Amino acid sequence: MNKKHLCSGHEVVAMSEEWLARIEKDQKLYTHGMVRLMPDGWLYPTTFTNFADKIYNFKLKSSDVVLMTAPKSGTTWMQEILWTMLHNPDLIHPDAHKSLLIRSPQIDFDMLQDGKAWVEKGVSMGDMFEELRQTCPDKKREDGVFVQLCEVTPDPRIIKTHLPLSLLPPDILDTAKVVYVARNPRDVTVSMYHHFQHLNLHSYTGTFENFAKSFMNNDLLYCPYWPHVKMAWEKKDHPNMHFVFYEDKKADIMSELRKLNDFLGANLTQQQLDNVVHHTSFSSMKSREREADDIVFNKDVRKSSGGFFRKGTIGDWRTHFSPELEQEMNHWIETNASEIGISFK
Ligand code: PPS
């Protein structure tokens, strides 16, 4: 790691050997370690610093839609909704079967290639790179497969990210549209716990209690949670920010799609909105889930607790929390949510 400061103004602080060893008891980490970006405290693989300035200086267009979430907040659902609304409202697009990673690239994904488990198992982003090379033969892999996929993806681009506003281009809301999805942090914790077990990248073996404590302690990838939500919530009234709750989508998807239709200026007909609802329902998306790749995912976890499209419900956290842990998390949520002025359903 050579960089000490990023264009975003963050200071890069390497995580200590002691911290890495402690965290690594429960999960796999990264070949080059991890860093916190201060003062916000964002926790990423060290390789993020290779791409951070490129992402911060990324040239956005007025037609772009940036989909921003803390992990496991319902990103993939919203990603498919946005792509279908803007590219496939009649359900006839020839690329609709392609992976969302290609149709709507995740701008921060390149840093994950350094995961020890993926390096050991030989997971490469080869397919994605080939996709990129087909349109742009001169691209180099080390410049970031996903950052460059974001550059070349057809307009209107739908760019996914788990990064917070403070690491994205400072003109983002003056230039592009931002959709932010938030979900009850209790359900986020459960969904993330499952994902950390299911995805070989993390290969999480610790208990749910340890996991939840690590989340509250900001010791998991993409943490801290609250500043991420806060930065977006503060901008919720900006005309280019559309702040949505996962729970509201579950309660009345058509009403949420109508709001999105207005926000995006998509002018979809009722028939097209119906198409989007049907195509992006949990059962439809689950039925299209690709044959899971055993190098990327753990098939035993998939068998015992479900795949990427696990439950897609509200309130599954009730089956995971002990009364003591629930109390601790309630306190964590109440303190932070009231400070921000946000309430979850
Ligand atoms: S990721 O990996 O961070 O991008 O994950 P993300 O997509 O944000 O979150 C995954 C959870 O969203 C659920 N999901 C859905 N819920 C309702 N409807 C649809 N269509 C849908 N698609 C995905 C998914 O099942 C994960 O939640 P859990 O609670 O684990 O089931």
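Let me begin with what covers helix H17 in this predicted model. The cover over the buried residues of H17 includes helix H9, residues 185–198, helix H10, residues 208–216, and helix H11, residues 225–233. Which residues of H17 are buried? They are Leu-325, Met-329, Asn-330, Trp-332, Ile-333, Asn-336, Ala-337 and Ile-340. Please note that two asparagines, Asn-330 and Asn-336, are in that list.

The length of H17 can be checked by simple reasoning. The helix runs from residue 323 to residue 340 and has 18 residues. At 1.5 Å a residue it should span 26 Å, and its end C-alpha atoms are 26 Å apart, so the expected span and the model agree. After H17 comes Gly-341, with a positive phi near 90°.

Two of the covering helices, H10 and H11, are joined by a loop that deserves some time. Three of its residues concern us: Asn-218, Tyr-222 and Pro-224. As background, most residues other than glycine have a negative phi, and most peptide bonds are trans. Asn-218 has a positive phi, near 65°. Tyr-222, also not a glycine, has a positive phi of about 75°. Are these two residues buried or exposed? Asn-218 is partly exposed, because its relative accessible area is 25%. Tyr-222 counts as buried, because its relative accessibility is 7% and the cut-off for burial is under 20%. Further along this loop, the peptide bond between Cys-223 and Pro-224 is cis, with omega about 0°.

A cis peptide bond also joins Asp-155 and Pro-156, where omega is about -10°. Pro-156 sits in the loop between helix H7, residues 145–152, and strand E5, residues 158–161.

I turn now to the ligand. Which residues come nearest to it? Of the 22 residues around the ligand, those are Thr-75, Thr-76, Ser-191, Lys-311 and Gly-312. By type, the shell divides into seven nonpolar, ten polar and five charged residues. Helix H3, residues 75–87, helix H9 and helix H15, residues 282–287, each supply at least two residues of this shell. H3 gives the most, with three residues. H9 therefore appears twice in this talk: among the helices that cover the buried residues of H17, and among those that supply the shell around the ligand.

Three pairs of atoms show how the ligand is approached by polar groups. A backbone N or O atom of Gly-74 lies 3.0 Å from an oxygen atom of the ligand. In the side chain of His-162, an N or O atom is 3.2 Å from an oxygen atom of the ligand. For Tyr-246, a polar side-chain atom lies 2.8 Å from a nitrogen atom of the ligand. As for cover, the ligand has 640 Å² of accessible area on its own, and the protein covers 97% of it.

Finally, let me consider Asn-261, in helix H13, residues 253–264. Why does Asn-261 count as buried? The reason is its relative accessibility of 9%, set against a cut-off of under 20%. What is Asn-261 in contact with, leaving aside its neighbours within four places in sequence? The contacts are Met-85, Ala-266, Asn-267, Leu-268 and Leu-273.

How values were computed. Residues numbered from 1 in each chain as written. Predicted model: local features only at pLDDT ≥ 70, side-chain atom pairs only at ≥ 80, totals over all residues. Heavy atoms only, no water. Helix = DSSP H or I, 4+ residues; strand = E, 2+ residues; numbered from the N terminus. Expected span 1.5 Å × (residues − 1). Buried < 20%, exposed > 50% of the residue type's maximum accessible area, 1.4 Å probe, protein only. Contact = heavy atoms within 4.5 Å. Near = heavy atom within 4 Å. Polar contact = N/O pair within 3.5 Å; in protein donor to acceptor, adjacent residues only side chain to side chain. Areas by Shrake-Rupley, 256 points an atom, 1.4 Å probe, with all protein chains shown as cover. Nonpolar A, V, L, I, M, F, W, Y, C, P; charged D, E, K, R; others polar.
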